[in-house]
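User: Could you take a close look at one helix pair here and then walk me outward from it? I'd like the cut-offs as you go.

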Amino acid sequence: MVQQVSVFLENTSGRLAELTRVLGDAGVNMRALMVADTAEFGVVRLICDRPRAAVDVLERAGFGASINEVIAVAVPDRPGGLADVLGVLGEQGLNVEYAYCFVSPSGAAAIDIFRVDDPLRASAVLTHAGIVVVEPAALYVSD
Amino acid sequence: MFQPDFEAMSRDELEALQLERLRATLTRVYENVPTYREKFDTAGFRPDALSSLTDLATVPFTVKDDLRAAYPYGMFAAPMREIVRVHSSSGTTGQVTVVGYTRGDIERWGDLMARTLACAGATPDDVVQISYGYGLFTGGLGVHYGSERLGCVTIPISGGNTKRQVQVMKDFGVTILAATPSYALLLGETALEMGIDVRDLPLRAGVFGAEPWSENMRTQLEETLGVLAIDIYGLSEVLGPGVAAECSEKHGLHVNEDHFIIEIVDPETLQPVPDGEMGEVVFTTITKEGIPVIRYRTRDISRIIPGPCACGRTFRRMQRVSGRTDDMLIIRGVNVFPSQIEQVLTGIPGVAPHYQVVLSKHGSLDHVEVHVEVGPDFAFDEIRALEKLQRRVSAEIASALAISIGVKLVEPKSIQRSEGKAKRVLDLRNEGSV
C-alpha cells in the first residue's frame, strides 16, 4: 500500500502555490500531484518522497493534511493495459473512487494510483492476476 | 460546600432573609440614586410599602441603557470614598458601563466565587489557573479573589500566550482551570500541537463561563481535557462571575439566592412566568452596596429548573443560558441563537466546533453563511466525502433551526481563535455588497 498525502484547500488564489512552497522549503520532493475541485473547495492529492514529513510541515504551516492508503500499479505498456487492470478490479466488485497516473522515478513505466474501498484485497487480487503492484519503497522513503 | 449555613438553608429562612435584604436595598437606592428615585416615583412605588417578595413584581425594571445614561458613576449607591474598585463592561454592544464595589462588596464577591470553585470540588489543596482576562473585565479578578478566599494556589496568568499557558499548566501541576470554554478548547489543541495530552496532566476540573456553551461542548471539553466541566454564570452589572454555578450534578446553575433574587419574565409582556418556563432572566441584587441593580433585565434566556438538587444546596437552579435576546439573529423571520449552531456542529463527527456565522448583503437581501472547519482528523482525499459532510451539516442545521443556511467548509484552524469571548458572528452587512 502506498501512502498518499491529501490536503484540503479553500478555493482562494495563491493557496496551492503556498502549499508547494511549504513542501519545497522542507525539502519534500513530489512525484505526482492531482487537484480535484468543486466551486468552493479543492482537494490536492500527492505522492512524495517523505509523506509523514510532508503532513507534519503542512500542518505546522496551517494546512489540513492527512495520509490515505492507495494502491500503485505498474501499468503494462501496451494498448488495453489500463483496461485490463480496471477489468480485474471490476470483476471483483472493487469500486475505484479516483485514479491518476504518473511516470515512475526511473522513467521506465507508467504508474497508476487507485483509491479503492478495500486496498488490501485489491492488492491481492491484482497480484493474483499477474499485475505488478508497486511497493512503497520504489516511490518514497518510508518515514 | 463553602458556606453550608447559607447554601443549604431552608427555603423559609432564605425567603425571610431575602425580604429583609430586599427592603434595605430598595431603601438604599431610593435614597441615593436619582435614577431609581425617579423610576419609583413615576411608578408610584414606595420602598416601605413592600410587604412580601411577590411585591417585587410591581417594581420598575432596570435596563443596560439606564447604566449607560448614568455613565460613569451615576448609578452608584455609595459615596465615592467607600468605593474601592471599578470594573467595566467590554462595550462591544455600545457605550461601556461602569460598576463600582465597596470593600464589603469585594469581600462578599470573594465568598461567592469561593462557593463557585467549591462547586467544582475545589479545596485548599488545589492549584487554580485563571485564564480569564485580568483588568476591567470582571472575569480574572473575580475568580482570583474566590480562589484565594478558598485557599487554593492561585495562578493569575490572565488570557493570551497560549503555549506558555500550557507549559504553566503542566509545570505548576494545575488541577483546576478557569477560562472561557472556547479558550479551554484552544488550550487543549495547543497542548496537543506541543506534544502534551492534557488528559495525562493533574488537571481535573474546569469552571467555564462568560459565553453561552452547549451540552455537546461539555462532552467535548470533558473528553479532550479529562476534566469535570462546570458552567459558571455572572455578569458585571449584577456582580461578575459568582452569580450562579453548576454543582457536580451538572444539572442547572444554583443561583446565590441569599445575594440575588432571580425572576424569569416573558420578554414581550414582562410578566413573571412560573418556574420551569423559559424567559428572560431578571436579577435584583440584595447585598450590593456600590451599585445595586433592581430588576435588571439581563437579556439572557433561561428558565428555573423546578425541584430540589441531589447536592443538598437549596438555592434554585437556572438552566444554562441558551442565548441572549440581543445575540439573537433574525434570519428570514426565524430566531436563531449562535449556540444552537454550536450544538449541531458538536454532534457531527468530522467537523470542529469552531464556526462563524457570516452575515452579508447580496443586493438588498441578507445573506447568511456558516463557516465550519473541517476536523483535523478528517480524511481529506475524497471530494464526495467532503460534499457529504457539507450536506449533512446543512441538513442538520436546517432540521434543528427550521431554516436553511448556506454552509461553507473551511480549512482546519482557519477561523480565528479567541483568547476571551469567541466572536461567533461576523456581520459584514454594513461593509458594502459582497
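Analyst: Start with helix α5 (residues 103–119) of chain B and helix α6 (residues 138–150) of chain B: their axes come within 7 Å and cross at roughly 80° (axes are lines fitted to C-alpha atoms over the stretch in contact, angles run from 0 to 180 degrees between N-to-C directions; helices are DSSP H or I runs of at least four residues, strands E runs of at least two, numbered from the N terminus). That crossing makes α5(B) roughly perpendicular to α6(B) (65 to 115 degrees; under 35 is roughly parallel, over 145 roughly antiparallel, the rest oblique). On the α5(B) side, the contact (heavy atoms within 4.5 Å) includes Ile106(B), Trp109(B), Met113(B) and Leu117(B), and α6(B) brings in, among others, Val143(B), Tyr145(B), Arg149(B) and Leu150(B).

Ground rules: this is a predicted model, where local features need pLDDT of at least 70, side-chain atom pairs need 80 or more, and totals for chains, interfaces and linings use all residues. Residues count from 1 along each chain as written, chains are lettered from A and ligands numbered from 1 in written order, and side-chain values use heavy atoms, without hydrogens or water.

Zooming out, the largest nonpolar core (buried Ala, Val, Leu, Ile, Met, Phe, Trp, Tyr and Cys joined through side-chain atoms within 4.5 Å) has 69 residues, with Phe40(B), Tyr233(B), Phe283(B) and Met318(B) making the most contacts inside it. Our α5(B) is its top contributor, giving 7 residues. There's also a second, separate core of 31 residues, including Ile341(B) and Leu386(B).

Now α2 (residues 11–32) of chain B: its 22 residues should span 32 Å, and the end C-alpha atoms sit 31 Å apart, which agrees (expected span is 1.5 Å times one less than the residue count). Among its buried residues (under 20% relative accessible area; over 50% is exposed, in between partly exposed; 1.4 Å probe, protein chains only) are Leu14(B), Leu22(B), Thr25(B) and Tyr30(B). Their cover includes α1 (4–7), α3 (34–43), β10 (260–265) and β11 (279–285) of chain B.

Two residues to finish. Gln343(B) lies in α10 (residues 338–345) of chain B and is partly exposed, because its relative accessible area is 33%. Beyond four places in sequence, Gln343(B) touches Ser214(B), Glu215(B) and Asn216(B). Its C-alpha is 9.2 Å from that of Ala400(B), 57 residues apart along the chain.

Arg424(B) sits in the loop between β20 (406–410) and β21 (425–427) of chain B. At 13% relative accessible area, Arg424(B) counts as buried. Leaving aside neighbours within four places, its contacts include Ser182(B), Met217(B), Glu342(B), His354(B) and Tyr355(B).
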